[in-house]
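Trainee: Please take a close look at one part of this model, the largest nonpolar core, and tell me what surrounds it.

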Amino acid sequence: MAQRNSRGRKALPITGELVFSPEQSQHRRTGAQEEPIDAEWWEDEPSGQNGTGGSGWQDRWDRTRDFFSTRERRREEEQARRREADREQTNAAEDLTDREQLKLLRENVRDAGTKYMESLRASKILVRGFNDDERVEKLSAMRRVHAETMVMAAMRPLNEGVSAASVVRVMSTMAAMYLMSPTFRHIVKERLEPVSTAIQQRIDAKAESKMNWAQQMASGHEAERRGSRPDTDSVDPSGYLSKKWQKRYADVKFRERGHREMFTPRSAGMTEMALTENAFAALRQPGADTETITASYTTMIARLYRQAEEDGISREEVTESSRVVLGQRIREDPRVQVMVNGFAHGQWHMSPPHEERIAGTDQMQTVWRGDFMDCTGWPVDPTRYEDAVSRQGVLGAFTLRPQMGQAEHRDRMSETMAMTMSHAAAHGDMEAFNQDLAGYMLGCVARAQKVDGEGMPGTLPDRLFQSRTMQAAMAADSVSEKDQRLLYSNAYADALEAVDAAFPEFAQQWAQRYGQNWQQFIAHVGNDPAEAYDRWQSQQQSTSPTTSSTSEPRTNGTSQSAGTEHEYQA
């Protein structure tokens, strides 16, 4: 019997070479200065130096795109290119309608955020050569450029006669406050007063809405205390009403010209995400000073949260925004998953969006609020806390993944595979178990361009995506292609052993029903993955009785770790 703690090499019995080949390439002034200037210090360094510009790591990182080169990903990239072309064309057009102006403003504000994150990702802000104050100063320079870009974007519709109220609504109240900053008043000029009025009206409307809610909450609490019907006239709800909006507005208008621009939840979230991407790349450069980079990153994130609090934004608001930005970056570039603990080996992913009623209307909108779940459907909270047990003391929205060794990669992959397989086995769901088996196998032996999961049933697309995320994580950590295959195969075998030990009756029943067909599948999958899967799927349909649903939540939050020899390998 094989022991689970043995770290010997176990290769899956696959005929033919793996066809995945990652070699083939293909899911961005100081406070004393008055005007924003180009921050020339973030230009790329020559290859081989510390930072994010070394060509060796960048080439390796670029090749990881192949793991996610699915048809859906290519369609999304094409849509993004068309949207950018439309934005540029609209920017060059004249005589736009008010609606077109506002739509363009939304796109230009989004583009300003994208360029800000690009500049921060490409900077050398975390490597040796800067002290903490210099890093904050350089970050402030980039943020000032970002703020000015948004101000300039807002000025076009204002100058074309679009109402200030509409502009403020599209930008968001907090972002629109940049127009009131002394740093940018020379740009806003005569539009200052209508913008100020529009912002104040939005603040008043928010305060009124909050007051109504607070009145209801307070009267309800009073009724509970008295055991009687609510008496709205006898309750003072002022204790429930936040003054942060008015305070932020006063702060932004009267802070000294040239002082750092205030954070919004959105800009704070973008900053945390871009700093994380920067640190991830910097840590993987040849000869990287990991101690300096990690310390700089930790200090920058801590100061970001302190400054956000100074600007009237709670740590919880920053984490929520950062998680939303993380999800958006994963949608834009699936490789971002490998940068964050929990996501890097496919264990966590974005929760599905849900519908919410638009305040004050009967209309519904589909939204996603930065929620995540594990691969069996349980909600997870990636927030980094000072005390993880009590969830006290927010330190960050997520945890940067450090460079990992091969044993750690193997353990993380095995744990994820065992979670989903155990979930299926615990419910006696052989159909879901077969999808796990085939999905994790196909994800290793078939390139995404050949087998991308589109049109496949059940959880197969998810398992393929998880598998390729695991391989991308190893590739980003400089694990060779040969070692990737070996580690993945061993992790797969470890997971099967764990399921076999935890659910022996299920394993025996599965072997009797599907064992022979499975041996045929693994004998041919390396030569022609798509054909082997089609044959396996056809055989399942002819031998499977009605199976249980895979939609039930997992009843246990941990996977089994023990294991013995199993029936799933030749």
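Mentor: What follows describes that core and then a few places outside that description.

This is a predicted model, in which local features need pLDDT of at least 70, side-chain atom pairs count only at pLDDT 80 or more, and totals for chains, interfaces and linings use all residues. Residues are numbered from 1 along each chain as its sequence is written, and side-chain values use heavy atoms, with hydrogens and water left out.

A nonpolar core is a set of buried Ala, Val, Leu, Ile, Met, Phe, Trp, Tyr and Cys residues joined through side-chain atoms within 4.5 Å. Buried means under 20% relative accessible area, exposed over 50%, and partly exposed in between (1.4 Å probe, protein chains only). The largest such core has 56 residues, and Leu120, Ile125, Phe280, Leu326 and Val338 have the most contacts inside it. Helices that each supply at least two residues of this core include H1 (55-63), H3 (98-122), H4 (132-159), H10 (265-283) and H12 (315-332). Helices (H or I, at least four residues) and strands (E, at least two) are DSSP runs, numbered from the N terminus. H10 gives the largest share of this core, 10 residues. Domain 1 (58-214 + 241-307) and domain 2 (406-542) both contribute residues to this core, so it lies between them; the domain bounds come from an automatic or database domain assignment.

Take Leu326 as an example. Not counting residues up to four places away in sequence, Leu326 touches Met273, Val336, Val340, Phe343, Phe372 and Phe398, where contact means heavy atoms within 4.5 Å. Apart from this core lies another, of 42 residues, with Leu442, Leu464, Met470 and Ile522 among them.

Leu464 also appears in the surroundings of Gly443: leaving out residues up to four places away in sequence, Gly443 touches Leu464, Ser467, Arg468 and Gln471. Gly443 sits in helix H14 (residues 430-445) and is buried, at a relative accessible area of 2%. In sequence Gly443 and Gln466 are 23 residues apart, and in space 8.0 Å, C-alpha to C-alpha.

Val340, one of the contacts of Leu326, is also touched by Thr399, as are Met339, Asn341, Pro382 and Arg384, again not counting residues up to four places away in sequence. Thr399 lies in the loop between strand E7 (392-396) and helix H13 (406-426). Thr399 is partly exposed, with a relative accessible area of 28%. Thr399 and Asn341 are 58 residues apart in sequence but 5.6 Å apart in space, C-alpha to C-alpha.
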